[in-house]
Amino acid sequence: MRRLLLDHAKGRRRVKRGGGQPALALVEARPATGRTHQVRVHLREAGHPLAFDPAYGEAEPLLGDGGVVVLDRTPLHAARLELTHPAGHPLSLVAGLPADLAAALAALRG
């Protein structure tokens with residue numbers, strides 16, 4: 001495990017080897033196509049698998065403080081889809097963040 005640290009006194013970044021803790025990040029991905037598993041595979045190959053993804057990464061639920069399950073499903077959400085309607089005009093669909101993902105983010109942010 002590698003962890004990037006910022007040396008505030010000198011304004012430099014350095015890598016600490018070993019002993020680091022896994023980190024979580026909220027990522028916005030804009031896939032070029034609707035290929036199945038595209039985001040999951042690319043993130044895994046880049047060394048950043050999803051927090052819970054039995055097919056491409058961690059198969060155990062994500063736990064928060066006190067061992068409480070924070071996330072027990074693959075954390076993907078299509079906030080916006082744009083496509084061409086069968087009638088020929090552009091169609092844009094927008095969906096808010098589901099309650100379970102919003103609760104997971106709130107728990108992880110502390």
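**Close-up views of a predicted model**

**View 1. Strand β5 is hardly covered.** Among the five residues of β5, the count of buried residues is zero. The model shown here is predicted. The strand spans residues 80-84, and L83 is found in it. L83 is partly exposed, because its relative accessible area is 39%, and buried would mean under 20%.

**View 2. β5 and β6 form a hairpin.** Five residues lie between the two strands. G88 sits in the turn, with a positive phi of about 105°. Strand β6 covers residues 90-94. The two strands run antiparallel, and five bridges join them. One pairing can be picked out here: L83 has L91 as its bridge partner in β6.

**View 3. Three leucines make a nonpolar surface patch.** L81, L83 and L93 form this patch. Its area is about 250 Å². L83 thus appears twice in these views: as a member of the patch, and as the bridge partner of L91. In a regular strand, side chains alternate between the two faces of the sheet.

**View 4. L76 lies in the loop between β4 and β5.** Strand β4 spans 69-71, and the loop with L76 follows on the way to β5. L76 is partly exposed, since its relative accessible area is 37%. Which residues does L76 touch, leaving aside its neighbours within four places in sequence? They are V39, R40, L50 and L101. Take V39: it is 37 residues from L76 in sequence. In space, the two are 9.0 Å apart, C-alpha to C-alpha.

**View 5. D53 is a buried residue in a loop.** The loop runs between α1 (38-45) and β3 (62-63). Is D53 buried or exposed? D53 counts as buried, because its relative accessibility is 1%. Its side chain joins that of R40 through a polar contact of 2.4 Å. Beyond its neighbours within four places in sequence, D53 is in contact with R40, E58 and T74. R40 also features in View 4, as a contact of L76.

**View 6. The whole protein sets the scene.** Two helices and six strands make up its secondary structure. From the N terminus on, the order is β-β-α-β-β-β-β-α. The protein has 110 residues, and 10% of them count as buried. Its accessible surface comes to about 8,800 Å². Carbon and sulfur atoms account for 55% of that surface. Among contacts between residues at least 6 apart in sequence, 22% join residues at least 24 apart.

Terms used: Residues are numbered from 1 along each chain as its sequence is written. This is a predicted model: local features need pLDDT of at least 70, side-chain atom pairs count only at pLDDT 80 or more; totals for chains, interfaces and linings use all residues. Side-chain values use heavy atoms; hydrogens and water are left out. Patches are made of residues with over 30% relative accessible area and no salt bridge: like charges are joined within 9 Å, nonpolar side chains (Val, Leu, Ile, Met, Phe, Trp, Tyr) within 5 Å. Accessible areas come from the Shrake-Rupley method with a 1.4 Å probe; for residues, only the protein chains shown count as cover. A salt bridge is a side-chain nitrogen of Lys or Arg within 4 Å of a carboxyl oxygen of Asp or Glu. Helices (H or I, at least four residues) and strands (E, at least two) are DSSP runs, numbered from the N terminus. Buried means under 20% relative accessible area, exposed over 50%, partly exposed in between (1.4 Å probe, protein chains only). Contact means heavy atoms within 4.5 Å. Two strands pair if DSSP finds at least two bridges between them. A polar contact is a pair of N or O atoms within 3.5 Å; within protein, one must be able to donate a hydrogen and the other to accept it, and residues adjacent in sequence count only if both atoms are side-chain atoms.
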